[in-house]
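Here is a short report for a reader new to this structure. Look at the sequence and the fold first, then read on.

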Amino acid sequence: QVQLVESGGGLVQPGGSLRLSCAASGFTFSRYVMSWYRQAPGKERELVATITRFGVSTNYADSVKGRFTISRDNAKNTVYLQMNSLKPEDTAVYYCNAFWKPQGNDYDYWGQGTQVTVSS
């Protein structure tokens with residue numbers, strides 16, 4: 001059974017930090033590109049950060065560059081999102097995504113999300 005379980009969300013003051021974790025099970029983690037998305041109330045889900053299979057390459061949304069860092073530990077089947085200098089506009093539900101596209105098939109898995117609220 002495929003599972004992605006996010007943790008680490010919560011309430012933080014502007015300028016603070018949080019570290020999100022996403023624990024994966026039920027599939028071969030190292031085959032998958034891992035990403036973090038977020039969705040704020042009344043807005044569409046947006047891509048925050050992506051990391052390739054062995055962590056060689058990462059990409060970030062312009063809005064989080066220089067503040068957020070995505071990383072992964074394939075031995076622990078876990079992907080992380082370190083979020084620093086948080087702003088109120090970072091408030092959203094954050095979702096973990098696993099994606100693999102071998103020939104002719106798409107494998108696309110989502111976690112249940114974790115709430116991040118940035119407020120004083």
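A contact means heavy atoms within 4.5 Å. This is a predicted model: local features need pLDDT of at least 70, side-chain atom pairs count only at pLDDT 80 or more, and totals for chains, interfaces and linings use all residues. Residues are numbered from 1 along each chain as its sequence is written, and side-chain values use heavy atoms, with hydrogens and water left out.

**Overall build**

The protein has 11 strands and zero helices. Helices (H or I, at least four residues) and strands (E, at least two) are DSSP runs, numbered from the N terminus. The C-alpha atoms fill a box of roughly 45 × 30 × 25 Å along the principal axes. The radius of gyration, taken over C-alpha atoms, is judged by a globule rule of 2.2 Å times the number of residues to the power 0.38. The protein has 14 Å, which agrees with the value near 14 Å for a compact globule of 120 residues. Among contacts between residues at least 6 apart in sequence, 54% join residues at least 24 apart.

**Strands and their faces**

Buried means under 20% relative accessible area, exposed over 50%, and partly exposed in between (1.4 Å probe, protein chains only). Buried residues make up 38% of the 120 residues. In a regular strand the side chains alternate between the two faces of the sheet. Strand 1 shows this alternation: Leu 4 and Glu 6 are buried on one face, while Gln 3, Val 5 and Ser 7 point to the other and are not. In strand 7, Phe 68, Ile 70 and Arg 72 form the covered face, and Thr 69, Ser 71 and Asp 73 the uncovered one.

Two strands pair if DSSP finds at least two bridges between them. Two antiparallel pairs follow.

| Pair | Bridges | One bridge partner pair |
|---|---|---|
| Strand 1 (residues 3–7) and strand 3 (residues 18–25) | five bridges | Val 5 and Ala 23 |
| Strand 7 (residues 68–73) and strand 8 (residues 78–83) | six bridges | Asp 73 and Thr 78 |

Strands 7 and 8 form a hairpin with four residues between them. Asn 77 in the turn has a positive phi of about 55°.

**The core**

A nonpolar core is a set of buried Ala, Val, Leu, Ile, Met, Phe, Trp, Tyr and Cys residues joined through side-chain atoms within 4.5 Å. The largest one has 29 residues. Met 34, Trp 36, Val 79, Leu 81, Met 83 and Tyr 94 have the most contacts inside it. Strands 3, 4, 5, 7, 8, 9 and 11 each supply at least two residues of this core. Leaving aside residues up to four places away in sequence, Leu 81 touches residues including Trp 36, Val 48, Phe 68, Ile 70 and Tyr 94.
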